[in-house]
Amino acid sequence: MKPLEERIATQVNNLPRSGIRDFFELVLGRDDVISLGVGEPDFSAPWHIREAAIYSLEKGHTSYTSNLGLLSLREEISEYVDQQFGVNYDPKTEILITVGVSEALDLACRALLNPGDEVIYHEPCYVSYSPSIAMAYGVAVPVETKVEDEFVLKAEDVAAKITDRTRLLLLNFPTNPTGAVEPLDELKKIAQLAIEHDLIVISDEIYSELLYGEDSGMKIGHHTSIASLPGMKERTILLHGFSKAFAMTGFRLGYSCAPQVLTEAMMKIHQYSMLCAPIMSQNAALEALKNGAAEVEKMRKAYARRRNLMLKRLREMGVPCFAPGGAFYLFPDIRKFGLSSKEFALRLLEEESVAVVPGDAFGAAGQGCVRACYATGYDQLEIALDRIEAFVGRLQS
Amino acid sequence: MNALLELLQKDARLSTSQMAERLGRTEADVTDMLDSLVKDGAILGFHAVIDQEKIGDHHVSALIEVKLTPERDGGFDHMARRIAKFGQVTSCYLMSGGYDLAVIVEGEDLREVARFVSEKLSTLDGVISTATHFQLKVYKQSGFEASDLHEDERLPVTP
């Protein structure tokens, strides 16, 4: 028999091991770690949402739903997206409920890419982008964003990467891991590029509710979806979900809003691989959209307070850090300490039991930074910051 | 609600400098706001919320429904204030519905509460009737769930 290692498909073999996974195993073996390495809220889903899921089970709602998802939920999403982003989608034909945004992204790549087609995306970015492209036999073409530019994606850098094989442009604002928000003028230029070169845009807007403009005197306080710009709705797949703003990561529920033809193509894959998203999660999501706004705002305010604390303390202790407009991450610049991102994160873990994620886990462009998530209790954050202060104090002396 | 009050309701032990940091204000601002809230009587006091079961305290608590004859001048206010002044009364509310006052009374044991009701409360002029309900178990008080130690179940590092 051939060794099992040789049975693994080439494109799976070629996927790099996740840098996050490596670090995860190191952290797991230790006690007393304060982890700023997470990518999810510390809040549980609000009770009324959990209760809706329980009620759904209690009532015996345990069947499949339509492949697209419950129509009542799609209708509610249509209304929410209209209010939130100012773009109107037909709930019957243009909205697909998925198992998290991750599935939606996978579907979009598989539905739109032929082998060798290029996808331009910006790094540092969420860890699944490049693998999702590769698994769809596409070619991942990263555009580097820089700490000096506060991780703004420059249209000219995108333009430089466009070839006659470019099919898709994958965007994520606010960005995981940097928290960056794209300025409107730059977003407009990028939209213009997409139109000129006839590209489809996949826009992952999972953090769009978590913005901190008005809490910190910044100009950015309002989220603009690229789908809402003139001429863009017809070429954009807008991805969103419930994990971050509603603290529902474990429910695994996302959705895509896109023109009917694209939705139909994505649904084709979805119906054969997933069939439908879990019905109790869909029922919980319905409750989230109907009655969740106040809780979202409460959580956002808590994040804003934590963000301001962490930003202030990091800067006071001499760690340069740009003020990100969204998500729940800071992406401090640690180059002045003369350590690589990995060395910094490892030593911080070993010496002070604080976990942050090395920036290069999110692509080469993240080298020189670390991701620190502030979705952790204020008291814990204060302790973590004291420990970081002790650590960088030693590095600086 | 005012952001300072929101903070205090969750944790009144915060120092003024901690509150200032969380609210993005100066410490002097916070001290001023606090002083005026206390002076205006908006903040009645600061206390710990205790799970009596945890500390093995066996004192008892009862909710007493009280029906009153309203007075021509002032309705229920005069009587309600009079009842609220008793040391055993920890809370006192005017209610809509089948009775007038909800009075929460605490005592060392059942007998002490019973004595308070029969000797003090029901003998007052104007009290028409009382119904005493003893509290058996606490699940939530003042916004805090009893024995609900929320453990962080998140994986330590996730994308």
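**Exercise 1. Overall form of the two chains**

What radius of gyration does chain B have, and what value would a compact globule of 159 residues have? Work this out, and then treat chain A in the same way.

*Solution.* The model is predicted, so that local features need pLDDT of at least 70 and side-chain atom pairs count only at pLDDT 80 or more, while totals for chains, interfaces and linings use all residues. Residues are numbered from 1 along each chain as its sequence is written, and chains are lettered from A and ligands numbered from 1 in the order in which they are written.

Step 1: chain B has a radius of gyration of 21 Å, whereas a compact globule of 159 residues would be near 15 Å; the radius is taken over C-alpha atoms, and the globule rule is 2.2 Å times the number of residues to the power 0.38. Along the principal axes, the C-alpha atoms of chain B fill a box of roughly 65 × 40 × 25 Å.

Step 2: chain A has 13 helices and 12 strands, where helices (H or I, at least four residues) and strands (E, at least two) are DSSP runs numbered from the N terminus. Its radius of gyration of 21 Å is close to the 21 Å that the globule rule gives for 397 residues, so chain A is as compact as a globular protein of that length.

Step 3: in chain A, 50% of the 397 residues count as buried, and in chain B buried residues make up 12% of the 159. A residue is buried if 20 or more other C-beta atoms, placed from the backbone, lie within 10 Å of its own, exposed if 12 or fewer, and partly exposed in between.

**Exercise 2. The surroundings of strand S6 in chain A**

Describe how S6(A) is covered, and trace its pairing with the strands S5(A) and S7(A).

*Solution.* Step 1: strand S6, residues 200-204 of chain A, is mostly covered, since five of its five residues are buried. On one side lie Ile200(A), Ile202(A) and Asp204(A), on the other Val201(A) and Ser203(A), and all of these are buried.

Step 2: strand S5 (residues 166-172) of chain A pairs with S6(A) in the parallel sense over five bridges, pairing being assigned if DSSP finds at least two bridges between two strands. Within this pairing, Val201(A) is the bridge partner of Leu169(A).

Step 3: S7(A), residues 236-241, runs parallel to S6(A) and is joined to S6(A) by four bridges; here Asp204(A) has Leu239(A) as its bridge partner.

Step 4: S5(A), helix H8 (residues 184-196) of chain A and S6(A) form a right-handed β-α-β unit, meaning that, with the strands pointing away from the viewer, the path from the first strand over the helix to the second runs clockwise.

**Exercise 3. Unusual backbone geometry**

Locate the cis peptide bonds at Pro124(A) and Pro174(A), and the positive phi values of Tyr137(A) and Ser142(B).

*Solution.* Step 1: the bond from Glu123(A) to Pro124(A) is cis, with omega near 0 degrees, and Pro124(A) sits in the loop between strand S3 (118-123) and helix H6 (129-135) of chain A. Another cis bond joins Phe173(A) and Pro174(A), with omega about -10 degrees; Pro174(A) lies in the loop between S5 and H8 of chain A.

Step 2: Tyr137(A), although not a glycine, has a positive phi of about 65 degrees, and is found in the loop between H6 and strand S4 (139-144) of chain A. Because Tyr137(A) has 14 C-beta neighbours inside 10 Å, this residue counts as partly exposed.

Step 3: Ser142(B), also a residue other than glycine, has a positive phi near 45 degrees. Ser142(B) belongs to the loop between strands S5 (140-141) and S6 (144-145) of chain B, and is exposed, with 9 other C-beta atoms within 10 Å.
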